[in-house]
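User: Could you take a close look at the inside of this model with me? I'd like to start with one spot and then see how the rest fits around it.

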Amino acid sequence: MPSKILRSRIVLPLVAPPIENGAVLIKDDTIIEVAPFSSISRNEDQDLIDLGESILLPGLINCHCHLDYTKMAGMIPPLKHFSDWIKAIIAIKASWSYTEFADSWISGARMLERSGVTSVVDIEAVPELLPEVWPATPLRLWSCLELINVRSKTSPATLVSDALSQVATLESSHPNQCGLSPHALYTTTDELRQEALHRARHDQRVLTTHIAESKEESAMYQSATGPLHDWLAPQGNAAHCGEGSPIAILERTGYLNYPILAAHVNNLDAEDASQLASHHASVAHCPRSHAYFNHPHFDWRSLQKAGVNITLGTDSLASVKTKGNTTPRLDMFAEMTCLATSESAPQPIEILRWATINGAKAIFRSNDLGQLKGGFKADLIAIPFNGPITKASEAVVSFDGEVSFSIINGTMIGSLEQQAHLSSNSP
Ligand SMILES: [Zn+2]
């Protein structure tokens, strides 16, 4: 395959200052060079792709998603209690067929492709879908198998082994990977989380769990009170209630002894941020889901000060508000915009780092994803922009639309390919 030069008026490597009239040289699946167009290595056997008035940047990494719930968009209006939302989604899931989950998953993947995502950590409630849906998208996937065992008689070891053996053949024939996702503290036993951790460590898998998502979860574990407690305790899910913050309990029961990806972490007790940092945990913040549930302010400053790696995710469309008659779409730009316009928001460049460099760290791919740099994988996106270079980060974070160009592992994505202006001449 001939190498490609992608030229864009602005290149945003993120690990280096923005480049005016920049270029990225790609060979096969790898970035060879990132430089001003005037100094990029040229030879005759190259395709020049001129993206014109654009910002070219690393593909976005979505660190928390539920693709199989995509078509639940708008089905659950914001409810007073988090536990009521859980009851509502359980009822929808029980009524859905395999086909509904599969359609939902694939339509969600398309939305991510068009909104600049190139890697996604997806929670798989219906792993039977994976052989059918993985080949349907060019996205890099970390499909984390959801594990719940509060009412299960199966041993945790069997549960985890069965989940992984179900996908063993698929994993051996596809570059995507499966991770493990013990769902939450209130739906899993200590033994199941430990078992998942051992298997994750053994195979170097992503391990992710919903942690300290709601005030109700914190009330349940801090003081054995609140609607979540009152719903779950009579069903026998009362372990650790009244013992401390969810993060303190996970630390005490050994679950932080691995660099986990903690989804949400909307409620922090005094020691929680330093506990997460000292155990090298990452946190996935989902701004629109956060707004939907009206959670307390996401305390990113405390997490960042402690040294926690903060990433961004879309969560599922079952927890994104509908605006007017428009059905919401999975969209990392919308997540970044939501965060950027929230109270005490991080700077745009910081938000972009969460969505790229930090995301790569959370999935143990700091050495080849999330940056535009020689030797890194060729995962890049472009958005149209004709403003000043000093406003480039701001423009990306507030972008509303579909990417004009996207390339994953050196391959241009589907119909987006036609939108790129292919030329063999210098601009
Ligand atoms: Zn989730």
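Analyst: **Starting inside the core**

Let's begin with Ile55. Setting aside its neighbours within four places in sequence, Ile55 is in contact with Ser8, Ile10, Leu12, Ala382, Ile383, Phe385, Ala392, Ala395 and Val396. Keep in mind that what you're looking at is a predicted model.

Now zoom out a bit. Ile55 is among the residues with the most contacts inside the largest nonpolar core, along with Val24, Leu56 and Leu261, and that core has 125 residues. Helix α13 (residues 348-362) gives the largest share of this core, six residues. Both domain 1 (3-58 + 371-423) and domain 2 (60-362) chip in residues, so the core lies between them. As a general habit, nonpolar side chains in soluble globular proteins tend to be buried together.

How does that fit the whole chain? Half the story is burial: buried residues make up 50% of the 427 residues. Of the contacts between residues at least 6 apart in sequence, 72% join residues at least 24 apart. You'll find 15 helices and 17 strands in the chain. The radius of gyration is 22 Å, close to the 22 Å the globule rule gives for 427 residues, so the chain is as compact as a globular protein of that length. Along its principal axes, the C-alpha trace spans about 70 × 45 × 45 Å.

Next, have a look at a sheet. Four strands make an open sheet in the order β6-β7-β8-β9, and the pairing is parallel. β6 (60-65) and β9 (177-182) stand at the edges with a single partner strand each, so one side of each has no neighbour in the sheet. On average, neighbouring strands here are turned by 20° against each other, ignoring direction. Strand β7 (residues 117-124) is joined to β8 (residues 140-147) by six bridges, and one pair to find is Ile123 with its bridge partner Cys144 in β8. Helix α4 (residues 156-172) packs on this sheet, touching β8 and β9, and its direction makes about 160° with that of β9. Helix α5 (residues 190-203) also touches β8 and β9, again at about 160° to β9.

One last stop: helix α6 (residues 215-223). Seven of its nine residues are buried, so α6 is largely enclosed by the rest of the structure. Those buried residues, which include Met220 and Tyr221, pack against α1 (82-95), α7 (227-232) and α8 (246-252). After α6 comes Ala224, with a positive phi near 50°.

Technical notes
Residues are numbered from 1 along each chain as its sequence is written. This is a predicted model: local features need pLDDT of at least 70, side-chain atom pairs count only at pLDDT 80 or more; totals for chains, interfaces and linings use all residues. A residue is buried if 20 or more other C-beta atoms lie within 10 Å of its own, exposed if 12 or fewer, and partly exposed in between; C-beta atoms are placed from the backbone. Helices (H or I, at least four residues) and strands (E, at least two) are DSSP runs, numbered from the N terminus. Two residues are in contact if their C-beta atoms, placed from the backbone, lie within 7 Å. The radius of gyration is taken over C-alpha atoms; the globule rule is 2.2 Å times the number of residues to the power 0.38. A nonpolar core is a set of buried Ala, Val, Leu, Ile, Met, Phe, Trp, Tyr and Cys residues joined through C-beta atoms within 7 Å. Domain bounds come from an automatic or database domain assignment. Two strands pair if DSSP finds at least two bridges between them. Axes are lines fitted to C-alpha atoms, for helices over the stretch in contact, and angles run from 0 to 180 degrees between N-to-C directions.
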